[in-house]
Every structure is written in structure tokens, then in C-alpha cells.
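The following questions and answers concern the structure shown below. Each answer sets a value against its definition.

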Amino acid sequence: MTRRVLACIVALGALLAPGATRADVSRFRPVDVWLDSGGQPLAAYQVEITAGPDAAIVGVEGGAGAFAEPPHYDPAALRGGRIILAAFTTTAGAPQRRTRVATLHMRESGDAQPSYRAVVMVAAAPDGRRIPASVELVPRQGDPR
Amino acid sequence: MTADRRDPQAHLDLLELDALRAGEPLPAAATAHAAWCADCASELDALHDLASALRGAEATPIAAAHLDARVHALAATHAARVRRSRWRAGSTAAAAAAVAVFAMAVLWRDPLRRAAAPPAEVASASAPRAELAMRDAALADDLDGDGRITVLDAFALARAGAADPPRIDAVVAMAVSLQANP
């Protein structure tokens, strides 16, 4: 009888083990930050990005064109789920079309893809005038680890 | 050190050696011991070398400019918060004093109105306005006057070309600071 009970416990553990470890699996996923200033030249922006509890920011990369350099951010945001990105350019070539201004590198856990949210705090044209802009986060394919 | 200085094992301890290095007065026995003890002389030389190295390191900047700027931004944010909290404490005391004076005046003029509540709203109504004024003063870098530090303030500095890069970096650091943007 004791052997049967032990065998059941071992079998139950084997059944539960994969499910228990699945939550510990993490993957790294780049999330592109796109800004669209609606045809007006974009010279400065500041956006706030928040991620769900199953994601942590582990890196920040620059975007394209005038915003190829990594944006400014608070290093305290790394390992957390909230970050404020900001950048400006005083050179010619401010993008007028939808442009990738940065890429966040996220570490995700859990089975489902975490939720991401972004808000444009401010955006400005080269003359400093505020302009409307929209932000879009585009997660790329994750890299399981 | 209380051991017998004639004892070769009774060396000077670190505090005595450093006092000797700095030229501070020591008991004659300790000075005499250091004069003939090769071990203590060696330790003393090492302390001299360490002090020289530290003096050299002090003259060399150990923080990059962008780190200085970030520290400046965080310090400014913290200072503004402290100023606000101090003002709040002061305004509370001032409001309490005003209420007390008003109550005394009312009681003195009309003893029958002792039960009447003092108009605390007189004091409290002015508090938000003064607090806003203090906050505005703390936002010295709010160049566009929108009530907060954003990248647009740094952008304005950069476009004007009058500000040095560390100041611009400091303004941007405050704009993206999670602490300053709770």
C-alpha cells in the first residue's frame, strides 16, 4: 500500500512538473516604438511606456534616422515595467512620416504575451511648436531562453 | 598603546602610525619606538604612500559629466520636494495660528459666540495658491511654462544655443526621471 501511495505521489509530481516550470521560462522580446506626427516634422518627443506585470525592461536601443541614438531615460526604469523615453534633434532631417524612434528590450515571462501601453507626453516640431503625435508599440518575435 | 615600547613585539597600532604620519603629538615612548623599529617604519612608509595616492585621486574627476548632470537633476527634484514639504509644515502652523488668533478675537468681541466655529477656510483657501507658487518657483527650468519639466524645455535650451550641454542633460534627466514623474 505504501509503495502504491509513493508511486502516485511520484506520478503526480511528474505530471505537475512541466506546468510548474513553464511559468519560469522567460523570453526576450524587442518592442519597437513608432511615432507618427501626421506629416509634420518631428524634432522632439517624450513618451511614457508601461508594461504588464509579466514583463521587465532590460534595455533601450535607438531608432532610425534622426533618432538613431538611444533616447534619454531613467536607468531606474531598467528591470521595471515603466519608462519615460525622450529625445530631440536640432539637425536637419526631422522625420515627417511614421518613424521608429526607439526599441525596448523586454524580458517576458508567462505563457501569454504581456500587455504594453504607450502615451505621448509631448511632441514638437523643429521650431519648438507642439504638434500632435501618436505612438504605437510593435512587439517583434520573442527569443526564448 | 600601553605595552612596553622596549618590547620589539609592541608595535604601534594603526591609529598611532597615522597620527605619526600626520605629525600629531604622540607619547615619547611611541615616537622612540617608531624611530628604531623597522616594521613600524615600513608601515609608516606605506601609510605615506597611501595618503599621497589618495591626494592624487582627489584631484582627478571621478564622475563623468552626464553623471554629474543626472545627480544634479535628482538633487534638484529632491530639494524641490523638501521645500514643498517644509512649506506645507510651515503653512499648517501658520493656518493654526491664524485660526487661534481669529478665535480669540471672536471670543473677545462676543463671549456669547464661543460655540461658533472659526472660519478655517480663510486660512486653508490660501494654502493651495501658495503651494502652487512654491512649485512654480521650484520649476525654474520649466521654460515653456507648462508646469512640468519635459524634453521640450531641454529642446528649447538646445535651440537657443546658450546653455551648456550638462545643463541640457540635467533638464532631460529630470524630464525622464520616474521619481519626478510619479
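Q: How many disulfides does the structure hold over all chains?
A: The structure, a predicted model in which local features need pLDDT of at least 70, side-chain atom pairs count only at pLDDT 80 or more, and totals for chains, interfaces and linings use all residues, holds zero disulfides over all chains. Residues are numbered from 1 along each chain as its sequence is written, chains are lettered from A and ligands numbered from 1 in the order in which they are written, and side-chain values use heavy atoms, with hydrogens and water left out.

Q: Why is there no bond between the sulfur of B:C37 and the closest cysteine sulfur, in B:C40?
A: A disulfide is a pair of cysteine sulfur atoms within 2.5 Å. The two sulfurs are 3.8 Å apart, which is too far for a bond.

Q: What makes B:C40 count as buried?
A: Buried means under 20% relative accessible area, exposed over 50%, and partly exposed in between, with a 1.4 Å probe and protein chains only. B:C40 has 2% relative accessibility and therefore counts as buried. B:C37, at 4%, is also buried.

Q: How many residues of chain A are in contact with chain B?
A: Contact means heavy atoms within 4.5 Å. By this rule, 27 residues of chain A are in contact with 21 residues of chain B.

Q: How many salt bridges does the rule find across the interface of chain A and chain B?
A: A salt bridge requires a side-chain nitrogen of Lys or Arg within 4 Å of a carboxyl oxygen of Asp or Glu. The rule finds zero across this interface.
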